[in-house]
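Good morning, colleagues. I should like to take you through one structure today, beginning with its cysteines and then turning to its pocket and its surface.

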Amino acid sequence: MRFHHYGLEVDNLEESVAFYKKHLGLQEECRIFFMGEIIVFLTAGDFRLELISNQHEEKNAHLCFEVNDLSEALELFNSHQKIEGPYKLENGWETIFYEGPNNTVIEFLQV
């Protein structure tokens, strides 16, 4: 398992993308449309930031860990509350979300 990305929900996606590109030198890796949301991945070296367009008042953030086999995460977190998934994204990635301590959202991703 290794760290894959940190995800942030934002009100204005394009403004956020421009901010992180200009001020932190991040580069756009890809855009994904998933479950009615536009998602943009920005990178700098091994660091990856996921920006999620979200017009709702409540914003969430999450940590994502990449696993070789999603069933590893299912076994590891089987006693914790599953929030969403598993899902298969249009780019072939598979993902599942769990609730960690203090309502922390933890995502596991198989690339």
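**Cysteines, pocket and surface**

The count of disulfides in this structure comes to zero. Please bear in mind that the model before you is a predicted one.

Why is there no bond at C30? A disulfide is a covalent bond between the sulfur atoms of two cysteines. In this analysis, a pair of cysteine sulfur atoms must lie within 2.5 Å to be counted. The cysteine sulfur closest to that of C30 belongs to C64, and because the separation is 12 Å, it is too far for a bond. Taken from the other side, C64 has its closest cysteine sulfur in C30, again at 12 Å and too far for a bond.

Are these two cysteines buried or exposed? C30 has a relative accessible area of 23%, so it is classed as partly exposed. C64, with a relative accessible area of 0%, is buried.

I turn now to the pocket. The largest pocket has a volume of about 470 Å³. Its lining comprises 24 residues, and those closest to the centre are E9, E37, I52, E84 and F97. Which strands contribute to this lining? At least two residues each are supplied by β1, β2 (27-34), β3 (37-44), β4 (47-53), β5 (61-66), β6 (82-88), β7 (94-99) and β8 (105-110).

Finally, the surface. F3, Y6, F47 and L63 together make a nonpolar patch of about 320 Å². Of these, F3 is located in strand β1, which spans residues 2-10. The relative accessibility of F3 is 35%, and F3 therefore counts as partly exposed.

How values were computed
Residues numbered from 1 in each chain as written. Predicted model: local features only at pLDDT ≥ 70, side-chain atom pairs only at ≥ 80, totals over all residues. Heavy atoms only, no water. Patch = residues over 30% accessible without salt bridge, like charges linked within 9 Å, V, L, I, M, F, W, Y side chains within 5 Å. Areas by Shrake-Rupley, 256 points an atom, 1.4 Å probe, with all protein chains shown as cover. Salt bridge = Lys/Arg side-chain N within 4 Å of Asp/Glu carboxyl O. Helix = DSSP H or I, 4+ residues; strand = E, 2+ residues; numbered from the N terminus. Buried < 20%, exposed > 50% of the residue type's maximum accessible area, 1.4 Å probe, protein only. 1 Å grid on protein atoms, 1.4 Å probe; cavity = no way out; pocket = protein on both sides within 12 Å on 5 of 7 lines; lining within 4 Å. Points joined across faces, edges and corners; volume = space filled by probe spheres on them.
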